[in-house]
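Dear colleague,

Please find below the structure that I am handing over to you. My findings follow directly after it.

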Amino acid sequence: MGLREIKKQQTRTAIADAALPLFLEHGFDRVTVAEVARRAGVSTNTVFNYFPAKEDLFFDRRQEAEEHLAALVRDRAPGGCPVEAVREDLLSALRQDHPMLGLQPGAPAFWQVVLDSPALLAREREIGERAEDALAAALTRHPADTPAPPPPALLAGAVAGTHRAVLRELRRRIMAGEPPASARDAVLPEAVRAFDLLCHGLHPAPAPAP
């Protein structure tokens with residue numbers, strides 16, 4: 001990465017870092033882009049150069065989230081099961097308390113801002129839809145290695161939907177006051193069970209010989 005790209009990334013990060021405390025303190029809908037620009041020490045136009053929409057200031061890793069599941073499918077080992085690739089990545093993230101899962105201090109405050117804002121809830125749904133579309137495209141180019149794979153859009157819906165459901169249940173438990181470690185330990189075996197059902201459906205065991 002060249003010096004110019006490094007500086008652009010630093011500016012982008014500085015803007016996002018300036019925005020989040022404002023959103024957490026005042027709520028997303030009460031903060032203007034101009035206020036974020038003043039806090040970051042840049043012009044409003046500069047903010048929009050890096051973040052085309054105000055919602056992108058909050059979900060500043062939107063593109064990464066939208067591409068994550070598709071990347072797992074594209075990058076899996078030859079002959080590997082796409083369901084297993086997504087399952088193992090999610091289980092690894094749960095076991096390692098990955099920050100993106102919201103197991104760290106401060107996550108409930110972040111999620112509360114989302115729940116209080118119709119605009120952020122809509123953008124969250126949009127991110128999920130785009131992630132599912134990207135996954136379907138990846139499955140089209142890199143299908144499951146099975147004699148009769150389901151249509152990519154249907155398999156993507158099942159996989160992405162299960163992935164979202166696991167994260168949603170984790171968030172529900174933590175927002176209800178359950179300690180993050182307890183929520184993780186409760187959700188993890190359920191995630192294994194759900195993804196195993198998908199995997200067994202995609203790769204059914206051969207019928208026993210008569």
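Beyond its neighbours within four places in sequence, Arg123 is in contact with Ala53, Glu55, Asp56, Phe59 and Arg62. Arg123 belongs to helix H8. With a relative accessible area of 13%, Arg123 counts as buried because this value is under 20%.

Please note that the model is predicted. The mean pLDDT of the chain is 92, and 96% of its residues reach 70 or more. Confidence is highest in helix H2 (residues 33-40), at 97, and lowest in H10, at a mean of 92.

As regards the interior, the largest nonpolar core holds 35 residues. Those that touch the most other members are Val83, Leu94, Leu101, Leu135, Val159, Leu170 and Phe195. Two or more residues of this core come from each of helix H5 (62-74), helix H6 (82-95), helix H7 (107-115), helix H8 (118-141), helix H9 (152-175) and helix H10 (180-202). A separate core of 19 residues includes Ala19, Val33, Ala37 and Val114.

Leu135 may serve as an example from the largest core. Neighbours within four places in sequence aside, Leu135 is in contact with Leu69, Ala70, Val73, Ala156, Val159 and Ala160.

Finally, I turn to H7. Its residues Ala107, Trp111, Val113 and Val114 are buried. These residues lie on the same side of H7, because they cover an arc of only 150° around the axis. Among the elements that cover the buried residues of H7 are helix H1 (3-26), helix H4 (54-58), H8 and H9.

With kind regards

Notes: Residues are numbered from 1 along each chain as its sequence is written. This is a predicted model: local features need pLDDT of at least 70, side-chain atom pairs count only at pLDDT 80 or more; totals for chains, interfaces and linings use all residues. Side-chain values use heavy atoms; hydrogens and water are left out. A nonpolar core is a set of buried Ala, Val, Leu, Ile, Met, Phe, Trp, Tyr and Cys residues joined through side-chain atoms within 4.5 Å. Buried means under 20% relative accessible area, exposed over 50%, partly exposed in between (1.4 Å probe, protein chains only). Helices (H or I, at least four residues) and strands (E, at least two) are DSSP runs, numbered from the N terminus. Contact means heavy atoms within 4.5 Å. pLDDT is the predictor's confidence in each residue, from 0 to 100. The arc is that of the directions from the helix axis to the C-beta atoms.
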